[in-house]
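Colleague: Please take a close look at one part of this model, the nonpolar core, and follow it out to whatever adjoins it. State each cut-off once as you go.

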Amino acid sequence: MKLSVLCGAVVLLSGCQFQLADTGSQTAPAAELLPEQVILPGNNGNYLPAVAARVNTKPLTDYAADLALQLMMSMHYTPPQQAIAISSLVWFDHQLTNSNALGNQLAEHLYVHLQRLGVSVADIKVGRQIRVTAQGDFALSRGRYLDAAQDVRYVLTGTLLQDAGGTVVNVRVVHLQHKTVIATGQVHIPDAVLNPAAATAQYIASP
């Protein structure tokens, strides 16, 4: 009698374990969050696939290199033997005398990239003499140390135009006397490059 009761209990327990194992096998494991899925704010925490993470890591000097290459490729004449002076890029407004850090930095980068492409470049900020001071030895100037007899026939100039996504930069090489434009270039610099705080990844949900 006791043996039959014991055998029945073993059979009953085995059946329960089989049912539990079968039930667990039918339960799908929790889905793992994929790297391209993000929680978007304003969507009640719903997981939506992201189209892309828009991160612009192109430095400002690369845009200047693009401009220099465009200038070389668009020249209608043989690159002039006379040196080209480079001016600060200005905002395209009613005065055309307002520049900023962007306009001045692009001009500095263009000195490097144009010279590397074999263009003769004149630096009009080099003074008539080197000034030796306690703070250092200086050859560049923006004041009375400049050479008044600058023999420059060509100048690289340009404008900055703000749009919804960044800044459009237009540059050109012009003959100072004849006002003839011999080369042009244009790039669009996104705000993410100009404002490092905006250069973080932005995920856009697919419709």
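**The nonpolar core and its surroundings**

Modeller: The chain has four helices and 11 strands, where helices (H or I, at least four residues) and strands (E, at least two) are DSSP runs numbered from the N terminus. The model is predicted, so local features need pLDDT of at least 70 and side-chain atom pairs count only at pLDDT 80 or more, whereas totals for chains, interfaces and linings use all residues. Residues are numbered from 1 along each chain as its sequence is written, and side-chain values use heavy atoms, with hydrogens and water left out.

Of the 207 residues of the chain, 26% count as buried; that means under 20% relative accessible area, with exposed being over 50% and partly exposed in between (1.4 Å probe, protein chains only). Contact here means heavy atoms within 4.5 Å. Among contacts between residues at least 6 apart in sequence, 55% join residues at least 24 apart.

The largest nonpolar core has 28 residues. Such a core is a set of buried Ala, Val, Leu, Ile, Met, Phe, Trp, Tyr and Cys residues joined through side-chain atoms within 4.5 Å. The members that touch the most other members are Leu-106, Leu-156, Val-169, Val-173 and Ile-189. At least two core residues come from each of H2, strand E3 (84–86), helix H3 (101–116), strand E8 (154–162), strand E9 (166–175) and strand E10 (181–190). Helix H2 itself covers residues 60–74.

Start with Leu-156, in strand E8. Leu-156 counts as buried because its relative accessibility is 0%. Setting aside residues up to four places away in sequence, Leu-156 touches Leu-71, then the run Ile-84, Ala-85, Ile-86 and Ser-87, then Leu-110 and Leu-114, and finally Val-171, Arg-172 and Val-173. One of these, Val-173, is itself among the members with the most core contacts. Leu-156 and Thr-184 are 28 residues apart in sequence, and their C-alpha atoms are 9.3 Å apart in space.

Further along E8 is Thr-159, which counts as buried because its relative accessibility is 6%. Outside the span of four places in sequence, the residues that Thr-159 touches are Val-90, Phe-92, Val-168, Val-169, Asn-170 and Arg-172. Arg-172 is thus named in the contacts of Leu-156 and in those of Thr-159.

The contact between Thr-159 and Val-169 leads to the next residue of interest. With neighbours within four places left out, Val-169 is in contact with Leu-67, Leu-89, Leu-106, Thr-159, Leu-160, Gly-185, Gln-186, Val-187 and Ile-189. Leu-106 and Ile-189, like Val-169, belong to the group that touches the most other core members.

Strands E9 and E10 run antiparallel and are joined by nine bridges; two strands pair if DSSP finds at least two bridges between them. Val-171 has Gly-185 in E10 as its bridge partner. Gly-185 also appears among the contacts of Val-169, and Val-171 among those of Leu-156. Five residues separate the two strands in this hairpin, and Lys-179 lies in that loop. Although Lys-179 is not a glycine, its phi is positive, about 60 degrees. Most residues other than glycine have a negative phi. Lys-179 is exposed, because its relative accessible area is 60%.

A second case of this backbone angle is Leu-96, a residue other than glycine with a positive phi near 60 degrees. Leu-96 sits in the loop between strand E4 (90–91) and H3. With a relative accessible area of 44%, Leu-96 is partly exposed.

Helix H3, which supplies core residues, also takes part in charged contacts. The whole structure holds three salt bridges, each a side-chain nitrogen of Lys or Arg within 4 Å of a carboxyl oxygen of Asp or Glu. Lys-125 and Glu-108 form one of them, with their closest N and O atoms 3.6 Å apart. Glu-108 is in helix H3 and Lys-125 in the loop between strand E5 (121–122) and strand E6 (126–132), so the pair ties together parts that are 17 residues apart in sequence. Lys-125 also meets Asp-123 in a salt bridge (3.7 Å, N to O), and Glu-108, Asp-123 and Lys-125 are thereby linked in a network. Lys-125 is buried at 15% relative accessible area, whereas Glu-108 is partly exposed at 42% and Asp-123 at 31%.

Another salt bridge joins Asp-66 to Lys-58, at 2.7 Å between the closest N and O atoms. Both ends are partly exposed, Asp-66 at 29% and Lys-58 at 32%.
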